[in-house]
Amino acid sequence: MHIALLSRNRNLYSTRRLVEAAEARGHSARVVDTLRCYMSIASHHPSIHYKGHNIEPFDAVIPRIGSSVTFYGCAVLRQFEMMGTYVVNDSVSISRSRDKLRSLQLLSRKGLGLPITGFAHSPDDIPDLITMVKGAPLVIKLLEGTQGIGVVLAETNQAAESVIQAFMGMKANIMVQEYIKEAKGADIRCFVIGDKVVASMKRQAADGEFRSNLHRGGSASVIRITPEERSTAIRAAKAMGLRVAGVDLLRANHGPVIMEVNSSPGLRGIESATGKDIAGLIIEHIEKNAVIKRKTPHKPKG
């Protein structure tokens with residue numbers, strides 16, 4: 001197969017590993033800079049141009065779209081979808097997962113475990129918002145934040161009011177969540193491909209830090225998850241419509257709660273911690289699904 005990787009940087013670990021895994025299985029793989037793609041949107045002949053030329057046909061596309069280019073990246077991905085190309089995660093699912101508030105609302109509708117989350121617009125509602133999430137300590141998150149950036153732990157109600165007022169004063173969109181004390185600064189990343197959790201790792205926050213992100217100095221180790229955690233991760237990915245996802249869970253006293261569902265999960269941490277060839281499993285998933293899509297004739301609606 002001929003596979004495209006939508007990525008802005010071919011030197012990133014995840015991008016390199018996916019290219020290596022594709023080539024190791026006899027496929028060709030090309031890294032395509034998302035922002036250098038431009039589109040001709042026509043009724044019968046949609047096309048994508050790249051660096052001055054009509055892009056060659058691909059059998060499958062693996063989107064590795066950074067959060068800062070979500071809008072344009074999803075537009076490019078939609079164009080590939082219009083051209084009948086198999087995409088590992090489609091544009092609707094990526095847009096859905098990147099909107100933190102929307103994703104939590106969708107997960108809530110499916111009855112999945114979540115930390116109590118509040119969202120408000122008026123400063124007048126801050127006291128009730130804090131009460132809603134069981135008071136301090138509580139977590140305040142920028143909706144546009146990634147990799148732990150824009151996440152604040154407020155230790156007291158007064159501190160929480162001050163931080164929320166400051167964010168609101170800057171017209172920033174934030175949500176407020178209960179703090180799961182019993183997690184003790186650790187979360188679980190479940191890597192979902194298709195309808196299976198293929199790997200999982202525990203991420204532990206560094207000393208003096210409550211965010212467990214590896215980019216924030218957290219450490220990763222292999223962990224055995226429970227059947228309930230496994231089921232929760234699979235259902236969360238399915239609720240988002242993602243075929244490949246990183247589902248982040250916390251172990252609360254009342255069961256697993258979902259912190260985030262990531263549509264472009266990194267491979268370095270999970271491969272290093274578990275020793276598994278996650279990139280190879282993604283390519284294997286494409287082999288099973290893209291070929292089926294190519295062999296299925298298009299049936300016009302109506």
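How many nonpolar, polar and charged residues make up the lining of the largest cavity? I shall begin there this morning, and I should say at once that we are looking at a predicted model.

By class, that lining holds 7 nonpolar, 2 polar and 1 charged residues. The residues concerned are L18, I62, P63, R64, V88, N89, V244, S263, P265 and I282. The volume of this cavity is about 70 Å³, and a search of the whole structure for cavities of 30 Å³ or more returns 1. As background, rolling a probe the size of a water molecule over the atoms shows where empty space is left.

Let me turn to helix α2, which covers residues 70-82. Its 13 residues, at 1.5 Å a residue, should span 18 Å, and the C-alpha atoms at its ends are indeed 18 Å apart, so the expected and modelled spans agree. The buried residues in α2 are T70, G73, C74, A75, V76, L77, Q79 and F80. They pack against the strands β1 (2-6), β3 (37-40), β4 (47-50), β6 (60-63) and β7 (86-87), and also against α3 (91-98). Just after the helix, G84 adopts a positive phi of about 85 degrees.

Two residues of α2 deserve individual attention. C74 lies in this helix and has a relative accessible area of 1%; because that is under 20%, C74 counts as buried. Setting aside neighbours within four places in sequence, C74 contacts I65, S91, I94 and S95. C74 and S91 are 17 residues apart along the chain, yet their C-alpha atoms are separated by 4.9 Å. T70 is also placed in α2. T70 is buried as well, with a relative accessible area of 14%. With the same neighbours set aside, T70 is in contact with I65 and R98.

That brings us to α3. Its buried residues are S91, S93, I94, R96 and S97, and these pack against β6, α2, α4 (100-109), α7 (227-240) and β16 (255-262). At the N-terminal end of α3, D90 acts as a cap, with a side-chain oxygen 3.3 Å from the backbone nitrogen of V92.

Next, a buried polar residue. Where does Q177 lie? Q177 belongs to strand β11, residues 174-178, and its relative accessibility of 1% makes it buried. The side chain of Q177 is joined to that of K141 by a polar contact of 3.0 Å. Beyond its neighbours within four places in sequence, Q177 has contacts that include L104, P115, I116, T117, V133 and M259.

I close with some backbone details. Most residues other than glycine have a negative phi, and most peptide bonds are trans. Against that background, the bond joining A136 and P137 is a cis peptide bond, with omega about -5 degrees. P137 sits in the loop between α5 (126-132) and β9 (138-142).

Which phi values do K51 and K184 have? K51, which is not a glycine, has a positive phi of about 50 degrees, and for K184, likewise a residue other than glycine, phi is near 55 degrees. K51 is found in the loop between β4 and β5 (53-54), while K184 is found in the loop between β11 and β12 (186-193). Are these residues exposed or partly exposed? K51, at 45% relative accessibility, counts as partly exposed, whereas K184, at 67%, counts as exposed because its value is over 50%.

Technical notes
Residues are numbered from 1 along each chain as its sequence is written. This is a predicted model: local features need pLDDT of at least 70, side-chain atom pairs count only at pLDDT 80 or more; totals for chains, interfaces and linings use all residues. Side-chain values use heavy atoms; hydrogens and water are left out. On a 1 Å grid over the protein atoms alone, a cavity is a set of points where a 1.4 Å probe fits but cannot get out, and a pocket is an open set with protein on both sides within 12 Å along at least five of seven lines; lining residues have an atom within 4 Å of a point. Grid points are joined across faces, edges and corners, and a volume is the space filled by probe spheres set on the points. Ala, Val, Leu, Ile, Met, Phe, Trp, Tyr, Cys and Pro count as nonpolar, Asp, Glu, Lys and Arg as charged, and the others, Gly among them, as polar. Helices (H or I, at least four residues) and strands (E, at least two) are DSSP runs, numbered from the N terminus. The expected span of a helix is 1.5 Å times one less than its number of residues. Buried means under 20% relative accessible area, exposed over 50%, partly exposed in between (1.4 Å probe, protein chains only). Contact means heavy atoms within 4.5 Å. A polar contact is a pair of N or O atoms within 3.5 Å; within protein, one must be able to donate a hydrogen and the other to accept it, and residues adjacent in sequence count only if both atoms are side-chain atoms.
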